[in-house]
Amino acid sequence: MQDLATKFANLTIQSDFIFKKVMSRKRICKHLLEELLQIEIADINYLEAEKTLEPEYTSRGIRLDIIVADDKNTHYNLEMQVKNNKNSETDTYVLPKRSRYYQALLDIDLLQKGQPYDLLPPTFIIFICVFDFFEKGNYVYTFKKRCLENLELELPDEATTMLLNTKGTHGDISKDIKSFYDYVNNHIVTTYFTKQIDDEISYLKLDTKVRREFMLMEARLLDERREGKAEGIAEGEAIGLAKEKLATAKRLFSMGLSVQDIAKATSLPIEQVEALQAEQS
């Protein structure tokens, strides 16, 4: 528990837990969206808060971090991305397909069964990345679907994906967005906006309920990892034992023992021993 307390005390905006808590403050989330998109938003509504009071932190790729809708029914999904993960089996980075999956999750969630497709609202999938995925130095990479034969033609599906690069060096972003990047990277407070964020994090760390929520979440995750490891070991042992029984059965066959005796000696089902006998003959 002491280790968890220390971990909680050292959390920053890069933590999914703290990021979600901070962005759950309407004034902060609303201002971030306004500054990023250079628009005015009258109000935002937290959709996830309406669905559950206890977010499923252990759900991988199912529970999106922050989902809000503005007064014009545009929906936004905000996610913090600290690691540029790679699939070791395919040697490919997972972020592009992850953004596609998140878009699908959001669309499925927004369209009720039987509703026409044109009721899907405009959406923004926004990943705040603490790395430059494309290594081009842009502060922001914005994607919409365009026709390869005529790049002036845009598919008007009203779906936008934005990869924010906190390590960027060039592009057109506001002072508050640049200060937000500096805060994410180095915990530097340079504007009133980042001071609000920093104050909020300090307040969260003093809240015993928030600390208890974090510790319970971490304890559950640790238990699941331990259970998964134990299950893997048990499964491996079971497979090894089964192979050992089959090897023993084969040796007993070579010694001339009957199917019944071999089944009794190895505790294998008699049907399995009979099948093994057929293979041996």
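**Contacts, cores and a cavity in a predicted model**

Leaving out residues up to four places away in sequence, Asn84 touches Tyr93, Phe131 and Phe133. The model in which these contacts occur is a predicted one. Asn84 belongs to the loop that runs between strand 3 (75–81) and strand 4 (86–87). With a relative accessible area of 27%, Asn84 is partly exposed, because that class covers the values between the 20% limit for buried residues and the 50% limit for exposed ones. Val94 is 10 residues from Asn84 in sequence, and the two C-alpha atoms are 7.7 Å apart in space.

Asn84 and Val94 also appear together in the lining of the largest cavity, along with Gln81, Lys83, Asn85, Leu95, Arg98 and Phe131. The volume of this cavity is about 40 Å³. The count of cavities of 30 Å³ or more comes to 1. Sorted by class, the lining of the largest cavity consists of 3 nonpolar, 3 polar and 2 charged residues. Phe131 thus has two roles in this description: Phe131 is a contact of Asn84, and Phe131 is one of the lining residues.

The chain as a whole can be described next. The chain has 281 residues, of which 38% count as buried. Its secondary structure is made up of 10 helices and 8 strands. Among contacts between residues at least 6 apart in sequence, 59% join residues that are at least 24 apart.

Part of the buried material is grouped into nonpolar cores. The largest of these cores has 42 residues. The residues with the most contacts inside this core are Ile13, Val22, Met23, Cys29, Ile126, Phe180 and Ile197. Helix 3 (residues 26–37) gives the most to the core, contributing 6 residues. For Ile197, the contacts beyond four places in sequence are Ile13, Val22, Ile28, Phe180 and Tyr183. Three of these partners, Ile13, Val22 and Phe180, are themselves listed among the residues with the most contacts inside the core. A second core is separate from the largest one and has 14 residues, including Leu95, Cys129, Phe133 and Leu163. Leu95 of this second core is also found in the cavity lining, and Phe133 is one of the residues touched by Asn84.

Ile125 gives an example of a buried position in a strand. Ile125 is part of strand 6 (residues 123–129). Ile125 counts as buried because its relative accessible area is 0%. Apart from neighbours within four places in sequence, Ile125 is in contact with Asn77, Tyr102, Gln103, Leu106, Thr160, Thr161 and Met162. Met162 is 37 residues from Ile125 in sequence, yet the C-alpha to C-alpha distance is 6.1 Å.

Lys7, in helix 1 (residues 2–9), provides an example from a helix. The relative accessibility of Lys7 is 41%, so Lys7 counts as partly exposed. Beyond four places in sequence, the contacts of Lys7 are Phe214 and Glu218. A separation of 208 residues along the chain lies between Lys7 and Met215, whereas their C-alpha atoms are 9.3 Å apart.

Cysteine residues were examined for disulfides. A disulfide is a covalent bond between the sulfur atoms of two cysteines. A search of the whole structure finds 0 disulfides. Cys129, a member of the second core, counts as buried because its relative accessibility is 1%. Cys147 is partly exposed, at a relative accessible area of 25%.

Two residues that are not glycines have a positive phi. One is Glu158, with a phi of about 60°, and this residue is located in the loop between strand 7 (140–143) and strand 8 (159–165). The relative accessibility of Glu158 is 44%, so Glu158 counts as partly exposed. The other is His187, also with a phi of about 60°. His187 is located in the loop between helix 6 (175–186) and helix 7 (192–206). His187 likewise counts as partly exposed, at 44% relative accessibility.

Methods:
Residues numbered from 1 in each chain as written. Predicted model: local features only at pLDDT ≥ 70, side-chain atom pairs only at ≥ 80, totals over all residues. Heavy atoms only, no water. Core = buried A, V, L, I, M, F, W, Y, C linked by side-chain atoms within 4.5 Å. Buried < 20%, exposed > 50% of the residue type's maximum accessible area, 1.4 Å probe, protein only. Helix = DSSP H or I, 4+ residues; strand = E, 2+ residues; numbered from the N terminus. Contact = heavy atoms within 4.5 Å. 1 Å grid on protein atoms, 1.4 Å probe; cavity = no way out; pocket = protein on both sides within 12 Å on 5 of 7 lines; lining within 4 Å. Points joined across faces, edges and corners; volume = space filled by probe spheres on them. Nonpolar A, V, L, I, M, F, W, Y, C, P; charged D, E, K, R; others polar. Disulfide = S-S within 2.5 Å.
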